[in-house]
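Subject: Handover of a structure

Dear colleague,

Please find the structure below, together with its sequence. A short account of the findings follows it.

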Amino acid sequence: MHNVTVRATDQGVPELSSTALVIVNIQDINDNPPEFVTKYFTASIPEETRIGAEVIEIVATSRDVGINAEITYSFIGGNEQKKFRVDNRTGIVSVAGELDYERARDYFLTIQAVDGGEPPLSSLTTLNITITDSNDNPPQFTQTTYTARIREDALVGDKIIQVKATDLDSEENGRVVYGIEKGDRLKQFAIEAETGYISVASKLDRESISNYVLEIRAVDFGIPPLSSYVLVNVEISDANDNPPLFSESNYTAFIHEDKSLGHVLLRFNITDADAAPNTVPYTFDFRSGNEGGVFRLEQDGILRTAARFNH
């Protein structure tokens, strides 16, 4: 606004004059588009951010005045999944949908600021929202159960099987270590925390325990840590580490001298703690005492006469 004083003077003698005050109002025209305070906006939020939480405030200004400086905001690109909303008056961007770092880690949103002039003027800016990982995924084993077999004469340190779990999270949230939780009361197995290899930790004996069911835990390094469990069935296979045993250490048999050749004197009963094929069929032979060949030992464990006896 300008205040101008104007005087008018005549040509008479004496001169006469008068003045008038002119007030000049400069009216704004919409000749300045909105200007964002920065060319690019950036923000970073964790994937667990709740719906409705504020992300960032977008600010644009106009050198015009009045309605020509009234600015409204809107998305014109990058928000096809409707994960965010922008308040058209304040420019505050907030979360509008569930976020998942494992599905989308960055959003590039194009925001338009439009003034209220006629015709309206507008400007564009870009908002890059980076989603950071939260520990929202527990480790997942690659199999629902594991099965392995190892001989009972395996050496301490021998590897049996490797279990493996993956974690969709990143960095420490996705780093997994393993441990034996249950099923190893006698501490006969060990597991490498980083690799998941299960190995023999002490001597095995199939005749004492022929099968183990180990519960393995996989846990990540998130805060709080998440874990999952899997069962590993370890079958102990037989090694021939037990000799056949006679039911008695000494036998006594009686025979009448008139018995025919091939008369059955006795049958040897044999037991063996091992499992097939380390047991039956057994083979029998004389070690001493039958130099004259008066007895015959059959492979079914029956001792028979091979000659006539004369008392």
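In which strand is the place of Ser-123? Ser-123 belongs to strand β11, which covers residues 122-132. Please note that the model is a predicted one.

Ser-123 counts as buried because its relative accessible area is 18%, and the cut-off for buried is under 20%. A polar atom of the Ser-123 side chain lies 2.4 Å from the backbone oxygen of Pro-34. Leaving aside residues up to four places away in sequence, Ser-123 touches Pro-33, Pro-34, Phe-36, Ile-111, Gln-112 and Ala-113.

As to domains, the UniProt record, an unreviewed entry, lists "domain: Cadherin" for residues 2-36, 37-141 and 142-246. Over residues 37-141, the chain is 46% strand and 0% helix, with the end C-alpha atoms 49 Å apart. Over residues 142-246, strand makes up 48% of the chain and helix 4%, and the end C-alpha atoms are 49 Å apart.

I also draw your attention to the largest pocket, whose volume is about 560 Å³. Its lining consists of 19 residues, and Phe-246, Phe-268, Asp-285, Phe-286 and Leu-297 are those that lie nearest the centre. Two strands, β22 (264-267) and β24 (295-297), each supply at least two residues of this lining. Divided by class, the lining of the largest pocket has 14 nonpolar residues, 3 polar and 2 charged.

With kind regards

How values were computed:
Residues are numbered from 1 along each chain as its sequence is written. This is a predicted model: local features need pLDDT of at least 70, side-chain atom pairs count only at pLDDT 80 or more; totals for chains, interfaces and linings use all residues. Side-chain values use heavy atoms; hydrogens and water are left out. UniProt positions are given in the numbering used here, feature names are shortened, and annotations may be inferred rather than shown by experiment. On a 1 Å grid over the protein atoms alone, a cavity is a set of points where a 1.4 Å probe fits but cannot get out, and a pocket is an open set with protein on both sides within 12 Å along at least five of seven lines; lining residues have an atom within 4 Å of a point. Grid points are joined across faces, edges and corners, and a volume is the space filled by probe spheres set on the points. Ala, Val, Leu, Ile, Met, Phe, Trp, Tyr, Cys and Pro count as nonpolar, Asp, Glu, Lys and Arg as charged, and the others, Gly among them, as polar. Buried means under 20% relative accessible area, exposed over 50%, partly exposed in between (1.4 Å probe, protein chains only). A polar contact is a pair of N or O atoms within 3.5 Å; within protein, one must be able to donate a hydrogen and the other to accept it, and residues adjacent in sequence count only if both atoms are side-chain atoms. Contact means heavy atoms within 4.5 Å.
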